[in-house]
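Here is the note I promised on the model, set out as numbered points that can be read beside the coordinates. Please look at the sequence and the fold before going through them.

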Amino acid sequence: MTRVRLILLGPPGAGKGTQAARLAERLDVPAISTGDIFRQNVSDGTELGQLAQKYMDAGEYVPDEVTNHMVAARLAQPDAADGFLLDGYPRTAAQVDELDSILAAQGRELSHVVELTADTDEVVQRLLARAQDQGRADDTESVIRRRLEVYAEQTAPLVDVYSQRGLLVQVDGMGAVDEVTERLSTALA
Ligand code: ADP
């Protein structure tokens with residue numbers, strides 16, 4: 001069976017993590033979330049976690065070199081050989097280049113890039129609500145503002161890159177979780 005090799009793009013708070021887990025299950029591919037891998041390393045107290053934490057707490061991106069190395073290792077795991085869903089990667093032009101070369105070296109290509117769209121007011125509200133529920137260190141108002149700025153500067157331009165390659169599908173991330181999952185499934189069918 002040919003499985004998807006999919007990137008999920010979208011601003012912080014668009015619901016990528018929630019939808020990534022659901023879609024990955026439906027599509028029978030691993031959901032690879034760089035944010036989750038960094039957070040796991042922080043809670044395990046690894047060297048990578050210690051390095052990543054100061055960037056994450058400030059709402060900044062972890063340096064490309066570090067992130068690229070981590071993703072290359074993850075994509076080399078056997079469970080990602082037939083397909084994957086990347087949530088939160090690539091986020092910079094240098095990460096796009098790295099992913100291109102990882103895939104080219106394996107003779108593979110992306111099958112889909114989905115942008116989950118969301119309006120800014122809504123995402124700020126969602127992130128503030130999540131801060132109360134989950135207590136994530138990077139969900140304070142000033143850090144949220146910085147994360148949205150960094151997204152606009154460094155990640156939003158990737159939408160054009162993938163659109164020019166003819167890979168981009170945009171899906172409205174507003175509304176109930178189930179509704180958004182159905183929209184995504186339809187867009188990928
Ligand atoms: P969100 O999408 O809500 O901002 P994530 O859980 O995807 O949150 O990421 C949390 C933090 O992890 C980011 O703010 C950043 O510091 C770091 N991070 C995650 N993915 C990347 C990436 N591809 N490149 C650099 N840093 C990343």
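The points below deal with a predicted model, beginning with the sheet and moving on to the helices and some single residues.

1. The sheet. The model holds an open sheet of five strands in the order β2-β3-β1-β4-β5, and the pairing is parallel. At the edges are β2 (31–33) and β5, each of which pairs on one side only. From one strand to the next, the twist averages 25°.

2. Strand β4. Is this strand enclosed by the rest of the structure or not, and why? Strand β4 (residues 112–117) has five of its six residues buried, so it is largely enclosed by the rest of the structure. A residue is called buried here when its relative accessible area is under 20%.

3. The partners of β4. On one side, strand β1 (residues 5–9) pairs with β4 in the parallel sense over four bridges, and L8 has V114 in β4 as its bridge partner. β4 also pairs with strand β5 (residues 168–172), again in the parallel sense and over five bridges; here V113 has L168 in β5 as its bridge partner, while T117 stands opposite D172 in β5. When looking along these strands, it helps to recall that in a regular strand the side chains alternate between the two faces of the sheet.

4. Helices against the sheet. Helix α2 (residues 34–44) packs on the sheet, where it touches β2 and β3 (84–87), and its direction makes about 60° with that of β2. Helix α8 (residues 177–188), for its part, lies across β1, β4 and β5 and runs at about 160° to β5.

5. The α6 and α7 pair. The axes of helix α6 (residues 120–134) and helix α7 (residues 141–164) come within 10 Å and cross at roughly 140°. The two helices are therefore oblique to each other, since an angle has to be over 145 degrees to count as roughly antiparallel. The crossing in which α6 passes α7 is right-handed.

6. What meets between α6 and α7. From α6 come T120, V123, V124, L127, L128 and R130, and these meet E141, I144, R147 and L148 of α7. By type, the residues of this contact of α6 with α7 divide into six nonpolar, one polar and three charged.

7. R147. Is this arginine, found in helix α7, buried or exposed? R147 is buried, because its relative accessible area is 9%, which falls under the 20% limit. Leaving aside neighbours within four places in sequence, R147 is in contact with P12, G59, L127, R130, R136, D138 and D139. Among these, L127 and R130 also appear on the α6 side of the contact with α7.

8. L23. This leucine is found in helix α1 (residues 16–27) and is buried, with a relative accessible area of 1%. How far apart are L23 and S185 in sequence and in space? They are 162 residues apart in sequence, yet 7.5 Å apart in space from C-alpha to C-alpha. Apart from neighbours within four places in sequence, L23 is in contact with L6, L85, L184, S185 and L188.

9. T67. Helix α4 (residues 64–75) contains T67, a residue that is buried, with a relative accessible area of 4%. Once its neighbours within four places in sequence are set aside, T67 is in contact with T34, F38, V62, Y89 and Q95.

10. The peptide bond after Y89. One of the contacts of T67, Y89, is joined to P90 by a cis peptide bond with omega at about -5°. P90 is found in the loop between β3 and α5 (93–105), and I would suggest a look at this bond when reading that part of the chain.

11. D28. In the loop between α1 and β2, D28 has a phi near 55°, a positive value in a residue other than glycine. With a relative accessibility of 48%, D28 counts as partly exposed, because the term exposed is kept for values over 50%.

Methods: Residues numbered from 1 in each chain as written. Predicted model: local features only at pLDDT ≥ 70, side-chain atom pairs only at ≥ 80, totals over all residues. Heavy atoms only, no water. Buried < 20%, exposed > 50% of the residue type's maximum accessible area, 1.4 Å probe, protein only. Contact = heavy atoms within 4.5 Å. Axes fitted to C-alpha atoms, helices over the stretch in contact; angles between N-to-C directions. Parallel < 35°, antiparallel > 145°, perpendicular 65-115°, else oblique. Left-handed = near helix turned anticlockwise from the far one by under 90°. Nonpolar A, V, L, I, M, F, W, Y, C, P; charged D, E, K, R; others polar. Pairing = 2+ DSSP bridges.
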